[in-house]
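This report describes how two chains meet and how a pair of helices packs. Please look at the sequence and the structure before reading on.

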Protein chains: 2
Amino acid sequence: MTSEADFIIRAGWLFSAEPDAVAQENTAIAVKDRRIAAVGTDAEIESTWHACEVIELPNHLLLPGLINAHTHSPMTLLRGVGNDMPLHEWLFELIFPLEAKWVSSEFVADGARLALAEMIRAGITCFSDQYYFPEIIADIAHETGMRAQIAVPIIEQANAWVQSSEDGLRRTTELHDHWRGDDFITIAHAPHAPYTVEVATFEKLASISEEIQSQIHIHLHETSQEVEDYQRAHGCTPIRKLHDIGLISPRLQAVHMTALDDADLETIAENNVGVVHCPQSNALLASGPSPLMRLCESGVTVGLGTDGAVSNNSLDVLQEMRAAKLLASKAGDEHSTLSTADFVRLGTIDSACVIGRDDHIGSLETGKWADMIAIDMSACAAQPIYDVLASVLLTASASRVTHVWVGGTPLLQDGSLTTLDEQETLARAKTWGTKISAGLRA
Amino acid sequence: MTSEADFIIRAGWLFSAEPDAVAQENTAIAVKDRRIAAVGTDAEIESTWHACEVIELPNHLLLPGLINAHTHSPMTLLRGVGNDMPLHEWLFELIFPLEAKWVSSEFVADGARLALAEMIRAGITCFSDQYYFPEIIADIAHETGMRAQIAVPIIEQANAWVQSSEDGLRRTTELHDHWRGDDFITIAHAPHAPYTVEVATFEKLASISEEIQSQIHIHLHETSQEVEDYQRAHGCTPIRKLHDIGLISPRLQAVHMTALDDADLETIAENNVGVVHCPQSNALLASGPSPLMRLCESGVTVGLGTDGAVSNNSLDVLQEMRAAKLLASKAGDEHSTLSTADFVRLGTIDSACVIGRDDHIGSLETGKWADMIAIDMSACAAQPIYDVLASVLLTASASRVTHVWVGGTPLLQDGSLTTLDEQETLARAKTWGTKISAGLRA
């Protein structure tokens, strides 16, 4: 007797991330009611499951859907503006004024759709977003069938979306209520950073977040300059201050974390704070490197984020895994601490853990949502294959991602997007590019 | 009156590398007798040139063909073997024994074809190769229409190809005579490294090279361990020793160069030695970083190499440019020394200069060979475009290279290889992979 699945995929290789962090050959996966019903060898699945639809991918590797644990999706419309500027100058003299000029509900909708097209093509099935008009991003992710953590911005400065941090806090609660119980969209608080949010606001946030048990997503210790300035003004590091306020908890998602003294690291590790590592953005903005090895060795869970396309240029977690590997390998003595599988886990199960959803996504395990991707391994540039996972980590690009499923629904099928109008999305992006370029030259 | 070209390409953007290192919009290039006849704006070319064949690429960027200044092409058949091992152990305990077991004329031919397929797809129009059976690699490059520097190995250890360094020296002279005057294939001496070649051999090489004015291509100062061991045995650094022997000259191509004291750097700079930077290989083998900024600031010309696929996994100069950028940007203080254009120049004109061919290739200038590539910029992941060169450096992968010409002949046309049987090449590579994998497990 075999059980009936909605569909079965037979794949050349499969990496489940959990419980074993080793790629297997000749594998299959059965999907039923949008969730993973069984994972095993081809023979095991054939003897226990059947389905009308069997997808044959003998040259592909199946991976858990990639998770982009930190981005600002609408900023794709400003992709790469101000390349080669250091963070503080870039943010205050270029990006904030550009945002003041251009950001609107239409900008956010068009930018989010462009980002979704890019992310789905890159094998991303879940993203954490932090931007103005979060209700629009949530709606677009929902329409597109993507999984998302919508991290609602809280910032003192008035902007096109709200007038104050008070408004941001209120809107978070509204969105939190609106999406309560949804399996695909979750809402988090996103205070921008210690240098743009007042202590009093953090104190209010601590009390609200404690009450509704919300996740908190924050840019933290992004540069050593930021930490030094904060210490001068407040007499302690931002981490110490947040700890005093009661915000350092397992519900905190700390993004960047390049500048950490031993006491900060201990505070983070002891309180199970999740860290989002954004290696490419940190390198390009010259923010200095995040101490990935020290964090991992201290037992901190580290996920991966691309940051916005404005600093990274890409929203590509495969590329981010490779950047993490290269930057971690730079120094001769740090060679063998993290394995190939560890780097692939950063962008899958570990990112799921950091955003508090590892019970539901991040690995190919029975009972989890069928969020998964297939990567074609047949190109000359990947052959021959001795270690399929190393080959993905070191040679794959988004172009080799051929299939993407979120909750069992295909969003990318044989290289085509199924839930987004890519031509319309591209046309609108180009129109924005032309308008914004003209403004930059003026 | 207009002159007649063999063909004209009209492209959305063009980056010539020389004389201006700025990308231009709405450009065209006329090709006649395999060389660049004219480069300019669309309007300029239209008013001075005509051709029966006009290739329209409005969404593409034209670049000088990329130059891979250091690889071991047949090692694609060992792609990624021994990932995660440090250099010395990896080389002596895994790679040398594997080579002793498997390398043959057939291995070299099949591996070189696989490498050529990968490199052409990645927009590479010229490569410097250093491997056993160099005469086979030269023939295959010639048949395929690729430009190459064949750097003939000189190593004391007997191998499947020759018995001694004496044989290597003799074969270099024979190949040098055989290919004399060829526009596509040049022959260089390639002593493997100071730790695998005796001083007496270097002395013979110095005299032969002086006589025939050959280029010399060598792995040099790849790790600090190598330099320390050499100092202990010889009382000076390898660079100092080569200088004493008379090998430090503008004809020397020094590959890797991660460990350099000030005196070494001064010697290199004063004598116009070219350096080949292999950032991804150095990072993955934990060799430590090459001091790219210090080299450039000292006036040393630095090209880019992928090294072999066995250490890099890829032969992809676009990826190598990005790795160079990320690794150079890691430290906060090194941010703005090199521009986007500088990184693209590393893999084009600067690599041409290091291998002594910048009079003929490396830039899109009138009179040079028509070695050029087109990159499709229309993907969601590249749009909108504010800075086309930064977009290429930070978002492009080999999959976006649609056209490759070497000396005006298309080797890749609308995504298809024209001079190589890709299916046959892949089938043979997979067969080798199966055989070698079985041996590794045994």
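## Contact between the chains

In this predicted model, chain B uses 58 residues to contact 58 residues of chain A. The area buried between the two chains is about 4800 Å², and carbon and sulfur atoms give 61% of that area.

Between chain B and chain A the count of salt bridges is zero. Polar contacts are found across the interface, in 13 residue pairs with both residues at pLDDT 80 or more.

## The side of chain B that touches chain A

Which helices of chain B each supply at least two residues to the side that touches chain A? They are α3 (105-121), α10 (279-284), α13 (317-328), α16 (388-395) and α17 (422-441). The most comes from α17(B), with nine residues.

By class, this side of chain B has 29 nonpolar residues, 21 polar residues and eight charged residues.

## Two packed helices in chain A

Two packed helices are described by the angle between their axes and the distance between the axes. In chain A, helix α13 (residues 317-329) packs against helix α16 (residues 388-395) at an angle of about 95 degrees, and their axes are 7 Å apart. Angles of 65 to 115 degrees count as roughly perpendicular, so α13(A) and α16(A) are roughly perpendicular to each other.

On the α13(A) side, the contact is made by A:L318, A:M321, A:R322 and A:K325. On the α16(A) side, A:V392, A:L393, A:L394 and A:T395 take part. The contact of α13(A) with α16(A) has five nonpolar residues, one polar residue and two charged residues.

Technical notes
Residues numbered from 1 in each chain as written. Chains lettered and ligands numbered in written order. Predicted model: local features only at pLDDT ≥ 70, side-chain atom pairs only at ≥ 80, totals over all residues. Heavy atoms only, no water. Contact = heavy atoms within 4.5 Å. Buried area = accessible area lost by both parts, 1.4 Å probe. Salt bridge = Lys/Arg side-chain N within 4 Å of Asp/Glu carboxyl O. Polar contact = N/O pair within 3.5 Å; in protein donor to acceptor, adjacent residues only side chain to side chain. Helix = DSSP H or I, 4+ residues; strand = E, 2+ residues; numbered from the N terminus. Nonpolar A, V, L, I, M, F, W, Y, C, P; charged D, E, K, R; others polar. Axes fitted to C-alpha atoms, helices over the stretch in contact; angles between N-to-C directions. Parallel < 35°, antiparallel > 145°, perpendicular 65-115°, else oblique.
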